[in-house]
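I opened this entry to look up how the strands and helices are arranged. My notes follow the model.

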Amino acid sequence: MLPEYHIFGKQNPVSPVVTVGNFDGVHHGHQKIISALLETARRDNRDSVIITLDRHPQKVLHPERELKILTTADEKTELFLEMGVSSVVVLAFTEDTVMLDAGEFYYAFIEGKLGASSIVIGYDHAFGHDRRGNAEFLEKLSPSTGIGVVRVPAELEGERTVSSTWIRAEILSGNVSEALRLLGRPYSLKGRVVRGAGRGRTLGFPTANVDPVDRDKVVPPEGVYAVSVVLESGEVFGGMMSIGSNPTFGCPGRTLEVNIFDFNRDIYGTVLKVEFCGWIRPVRRFSGPSELKEVLAADEIQARSFLQSHGL
């Protein structure tokens, strides 16, 4: 039995070129596969389709592990469509999906439902139970089904393969600049603006307290970061975000507070997208409000300079 799914974009793609994968992060390695997908579709005058999952497979295979993701299904879908993909098929990944035979999925969905003309596959990707749906499997079936196979080599940075695991580790170490380089865009979090203590305003640096919308996403470690802030309206502002406790005022617990540059509006209750562009400094305790204010002024100069120099 095939899993439930939803199609976004073109609802009835015609003889499409397809690719299958989780694509967490939609990083440079994934983008290489998607470029091959789009190029093959243009060459053959076909639609392009990405088949992806509504959750990370490890969330089902190993629920005891606290794996954090880089992109939600909605974020991936938005990125794919922005890149020019005709349709995105989001499969419900469940315990039943884990047991789905690669052959059954190939014949019933890729050939049967979609009527695919070609399939693009990454250097190490495989789908179906026991990962049987690899390149060799697809090439063996190609003569009888007429579904061509396009193999895409790994994307290397030096001698290292770009991967979601690598990027996740960089973000968790605070190296958001390296994550930006490997993703080709800043890593982002969405959060609802909630009321805080209001101390930032008294210091001349009002902040919006951000409560992350998706608890499964990676949150960078404690520190102060240069960020871009995207409002619900689509407007973009520079800013700086502090993640962590507030040791100067003796406040335990982690908060996410963003100071938006050149901005003075009531945005309580709205959802912001915060894009992490660069690391500024660790969180530390100051002697009092005066010293903290001086450091915040220096942080702002550094954050503005970083964003300007990187065209952000």
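These notes take the sheet, then the helices.

**The sheet**

I worked from a predicted model. I began with the strand order. I found an open sheet of 6 strands, and its order reads E1-E4-E3-E2-E5-E6. The pairing is mixed. Next I checked the edges. Strand E1 (5-9) and strand E6 (148-152) stand there. Each has a single partner strand, so one side of each lacks a neighbour in the sheet. I also looked up the twist, which averages 20° from one strand to the next.

**E5, E6 and the helix across them**

I then followed the edge strand E6 to its partner. Strand E5 covers residues 118-122, and 5 bridges join E5 to E6. The two strands run parallel. For a position to find on screen, I noted isoleucine 121, which stands opposite arginine 151 in E6. Helix H6 (residues 135-145) lies across both E5 and E6. I read its direction against E6 as about 155°.

**The H7 and H8 pair**

My last look-up was helix H7 (residues 164-172) against helix H8 (residues 176-183). Their axes come within 7 Å and cross at roughly 155°. Angles over 145 degrees count as roughly antiparallel, so H7 is roughly antiparallel to H8. The crossing is left-handed.

Which residues of H7 meet H8? I listed Trp166, Ile167, Glu170 and Ile171 on the H7 side. On the H8 side they meet Val176, Glu178, Ala179, Leu182 and Leu183. I sorted the contact by class: 7 residues are nonpolar, 2 are charged and none is polar.

Methods. Residues numbered from 1 in each chain as written. Predicted model: local features only at pLDDT ≥ 70, side-chain atom pairs only at ≥ 80, totals over all residues. Heavy atoms only, no water. Pairing = 2+ DSSP bridges. Helix = DSSP H or I, 4+ residues; strand = E, 2+ residues; numbered from the N terminus. Axes fitted to C-alpha atoms, helices over the stretch in contact; angles between N-to-C directions. Contact = heavy atoms within 4.5 Å. Parallel < 35°, antiparallel > 145°, perpendicular 65-115°, else oblique. Left-handed = near helix turned anticlockwise from the far one by under 90°. Nonpolar A, V, L, I, M, F, W, Y, C, P; charged D, E, K, R; others polar.
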